[in-house]
Amino acid sequence: MKPPSFTMWRTPAFALAASLLLCTSVQAALGRAPQARPVDAADAAPAARQLRAAPVNEAYTVSTLVEPTGTVVREFVNAQQQVFAVVWAGPVLPDLAVFFGDHFTAYQQAVQQKRAAGQRGGGVHARKPELVMLSRGRMGNFEGYAYIPTLVPHGVDIQTLLP
């Protein structure tokens, strides 16, 4: 016979694990269309929660995601429904592979170049035609941004969106 505590916690634990998996698998990445988060999954678990996308003007909308760690990630979506920029700030660096998507290799290359030059600390940055990014910080205080210059809406000053 199993102890009563195991039986009592088994169902809520499985429900929590399932809802966390649902929440983390539906995020947008640079250059891709944003994906809607299931409202019931976000409400059912203490996982990342997404605030409603707010139209800033006709050129783009902003969707804000607050991760369980307290890190705030803002995704900027152009009129063609493509994420053109991602900005983050908080105590923990977000999973950049998720938010960068296919552009994550450019981030990895920037890290490798910095290490090859003998630099271990400080910010990581890259400025290429297909991606501009900066990631900096230290334990408890991270911030950064990434954007695709060709997807930034005409007439939008990208510098006003960055930290």
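## A walk through the model, starting at Ile 158

Let's start with one residue: setting aside neighbours within four places in sequence, Ile 158 touches Phe 84, Ala 85, Tyr 147 and Val 152. Keep in mind as we go that this is a predicted model.

Where does Ile 158 fit in? It belongs to the largest nonpolar core, which has 37 residues. Ile 158 is among the residues with the most contacts inside that core, and so are Leu 30, Tyr 60, Phe 76, Phe 84, Phe 100 and Tyr 147. Notice that Phe 84 and Tyr 147 also turned up as contact partners of Ile 158. Many elements chip in at least two residues each: the strands β3 (60-66), β4 (72-78), β5, β6 (124-127), β7 (132-138) and β8 (141-147), along with the helices α3 (96-100) and α4 (104-116). Strand β5 gives the most, with 6 residues.

Now step back to the whole chain. The protein has 4 helices and 8 strands, and if you read along the sequence you meet them in the pattern α-α-β-β-β-β-β-α-α-β-β-β. There are 163 residues, of which 40% count as buried. Among contacts with a separation of 6 or more, 42% join residues that sit 24 or more positions apart.

How far can you trust what you see? The mean pLDDT of the protein is 77, and 69% of the residues reach 70 or more. Strand β5 (residues 83-90) has the highest confidence, at a mean of 96, whereas helix α1 (residues 4-24) has the lowest, at 37. Across residues 5-26 the pLDDT is below 50, and this stretch has 18 contacts in the model beyond near neighbours in sequence. Residues 38-46 also stay under 50, with 12 contacts beyond four places in sequence. Where pLDDT is low, the predicted coordinates should not be read in detail.

Next, look for the second largest pocket, which holds about 280 Å³ of space. It is lined by 16 residues, and the closest to its centre are Tyr 107, Val 111, Arg 120, Gly 122 and Val 124. Helix α4 and strand β7 each supply at least two residues of the lining. What kinds of residue make up this lining? They divide into 5 nonpolar, 6 polar and 5 charged.

Two of those names lead us to Ser 135, which lies in strand β7. Leaving out neighbours within four places in sequence, Ser 135 is in contact with Tyr 107 and Val 124, as well as Trp 88, Leu 93, Leu 96, Gly 123, Glu 143 and Gly 144. Is Ser 135 buried or exposed? Its relative accessible area is 7%, so Ser 135 counts as buried.

For a contrast, find Gln 112 in helix α4. Its relative accessibility is 56%, so Gln 112 counts as exposed. Measuring from C-alpha to C-alpha, Gln 112 and Val 124 are 9.8 Å apart in space, and they are 12 residues apart in sequence.

One last stop: Gln 81, in the loop between β4 and β5. Gln 81 is partly exposed, with a relative accessible area of 43%. What about its backbone? Most residues other than glycine have a negative phi. Gln 81 is not a glycine, yet its phi is positive, at about 60 degrees.

Methods: Residues are numbered from 1 along each chain as its sequence is written. This is a predicted model: local features need pLDDT of at least 70, side-chain atom pairs count only at pLDDT 80 or more; totals for chains, interfaces and linings use all residues. Side-chain values use heavy atoms; hydrogens and water are left out. pLDDT is the predictor's confidence in each residue, from 0 to 100. Contact means heavy atoms within 4.5 Å. A nonpolar core is a set of buried Ala, Val, Leu, Ile, Met, Phe, Trp, Tyr and Cys residues joined through side-chain atoms within 4.5 Å. Buried means under 20% relative accessible area, exposed over 50%, partly exposed in between (1.4 Å probe, protein chains only). On a 1 Å grid over the protein atoms alone, a cavity is a set of points where a 1.4 Å probe fits but cannot get out, and a pocket is an open set with protein on both sides within 12 Å along at least five of seven lines; lining residues have an atom within 4 Å of a point. Grid points are joined across faces, edges and corners, and a volume is the space filled by probe spheres set on the points. Ala, Val, Leu, Ile, Met, Phe, Trp, Tyr, Cys and Pro count as nonpolar, Asp, Glu, Lys and Arg as charged, and the others, Gly among them, as polar.
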